[in-house]
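Here is a short tutorial on reading a structure. It takes a few features one at a time.

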Amino acid sequence: MFRLAMSAVLLGAAALPAQGLGVFSTLTNDAKDNRVQVAVSFFGRTYPLQSYSTGGQGTAAGLGSQAALAATRHWLVAVNAGSDDVTLFRRWGPAFLHRSDVADTGGKRPTSVDIRGDLVYVLNADSDDVTGFRIHRGSLQLIGRYALSGAGVAAAQVGFDPTGRHVVVTERGTNQILVFPVQGNGGLGKAKVTRSAAPTPFGFQFRRDGTLVVSEAAGGQAGLGAVTSYHLNKDGSLTTISAGVKTTQTASCWVAIPRDGRTAYTTNTGSSTVTGLALDHAGKLSLLDPKGVSGTLRSGAKPIDFAFDNSGRLMFVLDSGNDEVVTFWRDRQGALHLLPGSLKVPAGAAGVIAW
């Protein structure tokens, strides 16, 4: 009965205040039956809605990556790091999925994925490459595999720029950011390599104007987390805008930007906090709070991947320390307020996307 009632709520979601309702998904990363878990945050309380088997296996351990899930209006893709494949789901609305295909990536331990139009790129963390697919009639058709800069680069994320003309990969082990041009057939050309402005580039997100915001974990050193913004040039090179803005927190690893694009946030896994930064029209970054703390999680928290809903008011954070997804309310000054509800998830869960 609850699911039927919540389905009715979701179908009428457009009529509700944006701050009242948010739908999000996370990946269980279960070693036997990896699943996409869908939940709803409803006026400060969180409820599970449905879970969908990917048909693959996870690892039951943290993936050390951003974006284990990615979605468009019609499709959702999920990595299966334990079975070295990726799953394609067809979407109906924010909560209803149908598994369409499962495809071998050809690489080892896929941990990050992105989708743009009919193109999908997957990061294979243990084989130091990315695999490209094209969606055709509900199936994933292989385009090719493309090597990163070397062996043991500890890549953290793969993602498209807003135009879909470039694919970006962060390499923690080399302190490099790779930008591949997307060719006419969907394959990748030779990457432009940019040295990271601060050590250990990890997660990233683009603003809609193409400004790239990258977190830097500084090897997990206490209080040395940072965030850098870049301009992506047409040739794939990156021009630094704000270099290594210190969060004063530890292990700044994941990045999310709300829809209005005026702020950017990073989760600090070693400090149980979230740092907010103002992001001006030119792409310059500055701390919203001089101490670098816009929101604090519960005791024992280790915040990792996170996402904003479409309103930009609700933030869903995967806490790997307490094995739960918590919800923050973002006020007009950018401060974050922890709401009481949470969704319990299995140890090793990865990735968050929201609507």
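**Reading a sheet, a buried residue and a core**

Q: How are the strands of the open sheet ordered, and is the pairing parallel or antiparallel?

A: Strands of a sheet pair through backbone hydrogen bonds, in a parallel or an antiparallel sense. Here 4 strands make an open sheet in the order β25-β26-β27-β28, and the pairing is antiparallel. The edge strands, each pairing on one side only, are β25 (303–308) and β28 (336–344). Strands are DSSP runs of E, at least two residues, numbered from the N terminus; two of them pair if DSSP finds at least two bridges between them. This is a predicted model, in which local features need pLDDT of at least 70, side-chain atom pairs count only at pLDDT 80 or more, and totals for chains, interfaces and linings use all residues. Residues are numbered from 1 along each chain as its sequence is written, and side-chain values use heavy atoms, leaving out hydrogens and water.

Q: Which residue stands opposite phenylalanine 308?

A: Methionine 315 in β26 does. β25 and β26 (residues 314–319) are joined by 4 bridges.

Q: Is glutamine 66 buried or exposed?

A: Buried means under 20% relative accessible area, exposed over 50%, and partly exposed in between (1.4 Å probe, protein chains only). Glutamine 66 counts as buried because its relative accessibility is 6%. Glutamine 66 sits in the loop between β3 (45–53) and β4 (69–71).

Q: Which residues is glutamine 66 in contact with, beyond its neighbours within four places in sequence?

A: Contact means heavy atoms within 4.5 Å. The residues in contact with glutamine 66 include Ser112, Phe204, Trp254 and Asp305.
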